[in-house]
Amino acid sequence: MAGYSARKDDHSRRLRRIEGQVRGLERMIEDDKYCIDVLTQVSAATSALQSFALSLLEEHLAHCVAEAAREGGPEAQAKVKEASDAIARLVRS
């Protein structure tokens with residue numbers, strides 16, 4: 001079971017809102033909106049995606065990584081490495 005399963009509906013709603021933001025960006029371009037206004041909305045959508053990613057990461061650490069750590073062994077080390085790599089990707093983005 002995925003760490004986010006308990007909040008799947010919340011996550012789906014959140015992603016639909018983000019999808020709406022991205023569609024709004026497309027409409028802004030089609031309507032020739034002012035560049036800075038478009039960039040402001042890009043920033044908002046980016047922030048929403050980053051917040052979503054951090055939420056998923058928190059759930060992954062609390063569920064998947066914690067469970068693997070309780071079991072120990074190479075699986076635990078692999079989960080910690082996987083989480084560390086995911087954090088590195090988020091920091092770079």
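**Exercise 1. Two cysteines**

Does C35 count as buried or exposed? Once you have settled that, classify C64 too, and find how many disulfides the structure holds.

*Solution.* Before starting, note that this is a predicted model, in which local features need pLDDT of at least 70, side-chain atom pairs count only at pLDDT 80 or more, and totals for chains, interfaces and linings use all residues. Residues are numbered from 1 along each chain as its sequence is written, and side-chain values use heavy atoms, with hydrogens and water left out.

Step 1: recall the cut-offs. Buried means under 20% relative accessible area, exposed means over 50%, and partly exposed lies in between, using a 1.4 Å probe and protein chains only.

Step 2: apply them. C35 has 56% relative accessibility, so it is exposed. C64 has a relative accessible area of 17%, so it is buried.

Step 3: look for disulfides. A disulfide is a covalent bond between the sulfur atoms of two cysteines. Here the test is a pair of cysteine sulfur atoms within 2.5 Å, and the structure holds zero disulfides.

**Exercise 2. The chain as a whole**

List the elements of the chain in order, then decide how its spread compares with a compact globule.

*Solution.* Step 1: find the elements. Helices (H or I, at least four residues) and strands (E, at least two) are DSSP runs, numbered from the N terminus. The chain has three helices and zero strands, and the order from the N terminus on is α-α-α.

Step 2: compare the spread. The radius of gyration is taken over C-alpha atoms, and the globule rule is 2.2 Å times the number of residues to the power 0.38. For 93 residues that rule gives 12 Å, while the chain has 17 Å, well over that value, so the chain is more spread out than a compact globule.

Step 3: add two more views. The C-alpha trace spans about 55 × 30 × 15 Å along its principal axes, and 23% of the 93 residues count as buried.

**Exercise 3. How the helices pack**

Work out how helix 1 runs relative to helix 2, and do the same for helix 2 and helix 3.

*Solution.* Step 1: take the first pair. Helix 1 (residues 8–30) packs on helix 2 (residues 35–71) at an angle of about 160 degrees, with axes 10 Å apart. That angle makes helix 1 roughly antiparallel to helix 2. The residues of their contact comprise 13 nonpolar, five polar and three charged.

Step 2: check the terms. Axes are lines fitted to C-alpha atoms, for helices over the stretch in contact, and angles run from 0 to 180 degrees between N-to-C directions. Angles under 35 degrees count as roughly parallel, over 145 as roughly antiparallel, 65 to 115 as roughly perpendicular and the rest as oblique. Ala, Val, Leu, Ile, Met, Phe, Trp, Tyr, Cys and Pro count as nonpolar, Asp, Glu, Lys and Arg as charged, and the others, Gly among them, as polar.

Step 3: take the second pair. Helix 2 and helix 3 (residues 73–92) pack at about 165 degrees, with axes 8 Å apart, and are therefore roughly antiparallel to each other.

**Exercise 4. A residue in the loop**

Locate D32 and describe its phi.

*Solution.* Step 1: D32 lies in the loop between helix 1 and helix 2. Its relative accessible area is 68%, so D32 is exposed.

Step 2: most residues other than glycine have a negative phi. D32 is not a glycine, yet it has a positive phi of about 55 degrees.
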